Amino acid sequence: MATANRGLADLAREIAVSLVSRDEALAHQAAEELMGLLVNGDDGESAPSNARQTELGGVPELRRALSHMLQKGSDQGRYYGCVALSYLLHGHTDNIRLFGNTPGIFQGVYASLDRPPSRGLACGLLSQLAFGDRENCGRIGASPEILERLASIMQDEEPGDQQAATCALSNCAANSLELALKIVAVPGALEGITRLCELPRAGDTVRDARTGVSAVGCIDNLSVHEEVRPYLQKGRVLAALRPIMGLRGGGGGGGG
C-alpha cells in the first residue's frame, strides 16, 4: 500500500510538470491523466476516495500547477483545472485549507469566472472553498472583484450559472459576518438575489426551481447575522419571500 501511495504521489508530480507546460496539447493531456487518477482509474468510481484526495492534495507541486492552470491556462485548460480541483475539494476539509493557502488560487478562480466554459464550475469552487473555512472567507472578502463578478453572473447569465453563483454567495454568507456585510454592499447583489427568489411568471423559461430555492437559501444564510437583517427588511425582499412562505404553509417559523 505504501508503495502504491508513493507511486500515486510521484505520478501526480510528473503530471504537475506537464500541467504548466506552454504546450497546450501536453497540458490538456496531463489534465486528462489527472482526472484518471481522481476517479480511481480502472475502478470505475465516479468520485475520488478520501485517501486519494488526501494523497493528491498533499502534493505541493500539484496544488501550484492547478493554481497556475486556472490563472494562465486556455479556456479548455481552465475547465479541466476547475473539474480536477472540484474533485479534490469535495468534502475534504484539509484540501479546502491547503488549496485556500495556495498562492494565486483565488486569482485563478476569478479568471475562471470570466470564461463561459468554466464559469459555473468556478462558482462551485468558491462554494467549496468558503464552506466551513473562515480563513478562505477572509481571502474571498479581500478580493471584492470576486463578489462583484458573482453578483453579475447571478443577474444576467444562464440559469445553471445563476444557481451556482447564488450558492457561492450563500456559502460565503453563512460562514462569515464580514463577508455577508460585503455581499449586501455589492451593487446589485441583493437585488439579484431577490429577483431570483420571486416566483417565476407563467412562460418564464429563464429560471428553474432550483435557482429560486438557492436564492431563498442565500437570503436565509444572510439573515443568520443580526447586523445584516436591516438590509433584508426592505419592501422588495419581503415581497419576494412572502409568496414562498405561503407555499411553505403561510408561517413565519422554522429554519432549515
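This passage describes the salt bridges, cysteines, nonpolar core and one central topic, helix α5, of a predicted model.

Salt bridges come first. The structure holds seven of them. One joins the side chains of R13 and E61, with N and O 3.5 Å apart. R13 sits in helix α1 (residues 2-19) and E61 in helix α4 (residues 60-72), so this pair ties together parts that lie 48 residues apart in sequence. R13 is partly exposed, at 33% relative accessibility. E61 is partly exposed too, at 30%.

A second pair is D75 and R115, whose side chains meet at 3.0 Å, N to O. D75 belongs to helix α5 (residues 75-89), while R115 lies in the loop between α7 (105-113) and α8 (119-130); the pair therefore links parts 40 residues apart in sequence. D75 has a relative accessible area of 30% and counts as partly exposed. R115 is also partly exposed, with 33%.

The loop between α7 and α8 takes part in another salt bridge, through D114. Here the partner is R149, and the closest N and O atoms are 3.3 Å apart. R149 is in helix α10 (residues 144-156), so the bridge ties together parts 35 residues apart in sequence. The two partners differ in their surroundings. D114 is partly exposed, at 43% relative accessibility, whereas R149 is buried, at 13%. Salt bridges can also share partners. In this way D10, R13 and E61 are joined into one network.

The cysteines give another picture. A disulfide is a covalent bond between the sulfur atoms of two cysteines. The structure holds zero disulfides. C82 is in none, and the nearest cysteine sulfur, that of C123, is 9.6 Å away. For C123, the closest cysteine sulfur is in C167, at 9.2 Å. That is too far for a bond, because a disulfide needs the two sulfur atoms within 2.5 Å. C82 is buried, at 0% relative accessibility. C123 is buried as well, with a relative accessible area of 0%.

In soluble globular proteins, nonpolar side chains tend to be buried together. In this model, the largest nonpolar core has 70 residues. Within this core, L19 and L222 have the most contacts. Helix α5 gives the most to the core, with seven residues. The core also draws on two domains. At least three of its residues come from domain 1 (9-131), and at least three from domain 2 (160-244). L19 shows what such packing involves. Setting aside neighbours within four places in sequence, L19 contacts A27, A30, A31, L34, L62, A65, L66 and M69.

Helix α5 can be followed further. With 15 residues at 1.5 Å a residue, α5 should span 21 Å. The C-alpha atoms at its ends are 21 Å apart, which agrees. Many positions in α5 are listed as buried: G77, R78, Y80, G81, C82, V83, A84, L85, L88 and L89. An α-helix has 3.6 residues a turn, so residues three or four places apart point the same way. The cover over the buried residues of α5 includes α2 (24-38), α3 (50-57), α4, α6 (93-100), α7 and α8. After α5 comes G91, whose phi is positive, near 65 degrees.

Key: Residues numbered from 1 in each chain as written. Predicted model: local features only at pLDDT ≥ 70, side-chain atom pairs only at ≥ 80, totals over all residues. Heavy atoms only, no water. Salt bridge = Lys/Arg side-chain N within 4 Å of Asp/Glu carboxyl O. Helix = DSSP H or I, 4+ residues; strand = E, 2+ residues; numbered from the N terminus. Buried < 20%, exposed > 50% of the residue type's maximum accessible area, 1.4 Å probe, protein only. Core = buried A, V, L, I, M, F, W, Y, C linked by side-chain atoms within 4.5 Å. Domains from an automatic or database assignment. Contact = heavy atoms within 4.5 Å. Expected span 1.5 Å × (residues − 1).
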